[in-house]
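Trainee: Hi! Could you walk me through this structure before I head back to the bench?

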Amino acid sequence: MKKIEAIIKPFKLDEVREALSELGVSGLTVTEVKGFGRQKGHTELYRGAEYVVDFLPKIKVEVVVPAELLDMAVEAIIKAAHTGKIGDGKIFISTVEQVIRIRTGETNETAL
């Protein structure tokens, strides 16, 4: 099993959720986060004063999928989250040792 953590632009969340749903991904976790990448934020003008926006609002989507579904899920996220502009986000993939559904005690793939 693999865990996919995708940092995306907030307005792309529905498209990413729908793309994963079409693949049969049944659950995901969404967190509102703030951060910056290579650009280190940007400056904005507010009431005539310039100020630096260090941390930009993003959405973190976390989903655990069977290993055989990984490539299709990553491709779906990339396609749905892509705008072609700076700040589209990143995807991190890690291995999941074990999953346990608390309610039923099911483990691993049956717990997904």
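Mentor: Happy to; we'll go through the helix pair, the core and a few single residues, bearing in mind that this is a predicted model.

Trainee: Great. How do the axes of helix 1 and helix 2 cross?

Mentor: Helix 1 covers residues 13-22, and helix 2 covers residues 70-81. Their axes come within 8 Å and cross at roughly 150°. Since angles over 145 degrees count as roughly antiparallel, helix 1 and helix 2 are therefore roughly antiparallel to each other.

Trainee: And which hand does the crossing have, right or left?

Mentor: The crossing of helix 1 with helix 2 is right-handed. On the helix 1 side, the contact is made by Glu15, Val16, Ala19 and Leu20. Helix 2 brings Ala73, Ala76, Ile77, Ala80 and Ala81.

Trainee: How do those contact residues divide into nonpolar, polar and charged?

Mentor: There are 8 nonpolar residues, no polar ones and 1 charged.

Trainee: I see Glu15 in that contact. Is Glu15 buried, partly exposed or exposed?

Mentor: Glu15 counts as partly exposed, at 38% relative accessibility. Glu15 sits in helix 1, and its C-alpha atom is separated by 22 Å from that of Phe36, which is 21 residues away along the chain.

Trainee: What about Val16, what does that touch?

Mentor: Setting aside neighbours within four places in sequence, Val16 is in contact with Ile8, Ile77, Ala80 and Ala81. Val16 also shows up in the largest nonpolar core.

Trainee: Ooh, tell me about that core. How many residues does it have, and which touch the most other members?

Mentor: The largest nonpolar core has 19 residues, and Ile4, Ile8, Val16, Leu20 and Val65 touch the most other members. Two or more residues come from each of strand 1, helix 1, strand 5 (56-65) and helix 2.

Trainee: Which element gives the most to the core?

Mentor: Helix 2 does, with 7 residues. As general background, nonpolar side chains in soluble globular proteins tend to be buried together.

Trainee: Back to helix 1. Are Glu18 and Glu22 in helix 1 as well, and what is their exposure?

Mentor: Glu18 is in helix 1, and so is Glu22. Glu18 has a relative accessible area of 43%, so Glu18 is partly exposed. Glu22 reaches 72% relative accessibility and therefore counts as exposed, the cut-off being over 50%.

Trainee: How far are those two from other parts of the chain?

Mentor: The C-alpha atoms of Glu18 and Phe55 are separated by 27 Å, with their positions 37 residues apart along the chain. For Glu22 and Gly87, 65 residues apart along the chain, the C-alpha separation is 25 Å.

Trainee: Switching topic: where is Lys12, and is Lys12 buried or exposed?

Mentor: Lys12 lies in the loop between strand 1 (2-8) and helix 1. With a relative accessible area of 9%, Lys12 is buried, because buried means under 20%.

Trainee: A lysine, too! What is Lys12 in contact with?

Mentor: Leaving aside neighbours within four places in sequence, Lys12 is in contact with Ala80, Ala81, His82 and Thr83. Ala80 and Ala81 also belong to the helix 2 side of the helix contact, and Val16 touches them as well.

Trainee: Nice link. What can you tell me about Thr31?

Mentor: Thr31 is in strand 2 (residues 29-35) and counts as partly exposed at 31% relative accessibility. Beyond neighbours within four places in sequence, Thr31 is in contact with Lys58, Ile59, Lys60 and Glu62. Thr31 and Ile7 are 24 residues apart in sequence, and their C-alpha atoms are 9.5 Å apart in space.

Trainee: Last one: what is the phi of Asn108?

Mentor: Asn108 has a positive phi of about 50°, although Asn108 is not a glycine. Asn108 sits in the segment after strand 6 (89-95) and is partly exposed, with a relative accessible area of 27%.

Trainee: Thanks, that gives me plenty to look at!

Key:
Residues numbered from 1 in each chain as written. Predicted model: local features only at pLDDT ≥ 70, side-chain atom pairs only at ≥ 80, totals over all residues. Heavy atoms only, no water. Helix = DSSP H or I, 4+ residues; strand = E, 2+ residues; numbered from the N terminus. Buried < 20%, exposed > 50% of the residue type's maximum accessible area, 1.4 Å probe, protein only. Axes fitted to C-alpha atoms, helices over the stretch in contact; angles between N-to-C directions. Parallel < 35°, antiparallel > 145°, perpendicular 65-115°, else oblique. Left-handed = near helix turned anticlockwise from the far one by under 90°. Contact = heavy atoms within 4.5 Å. Nonpolar A, V, L, I, M, F, W, Y, C, P; charged D, E, K, R; others polar. Core = buried A, V, L, I, M, F, W, Y, C linked by side-chain atoms within 4.5 Å.
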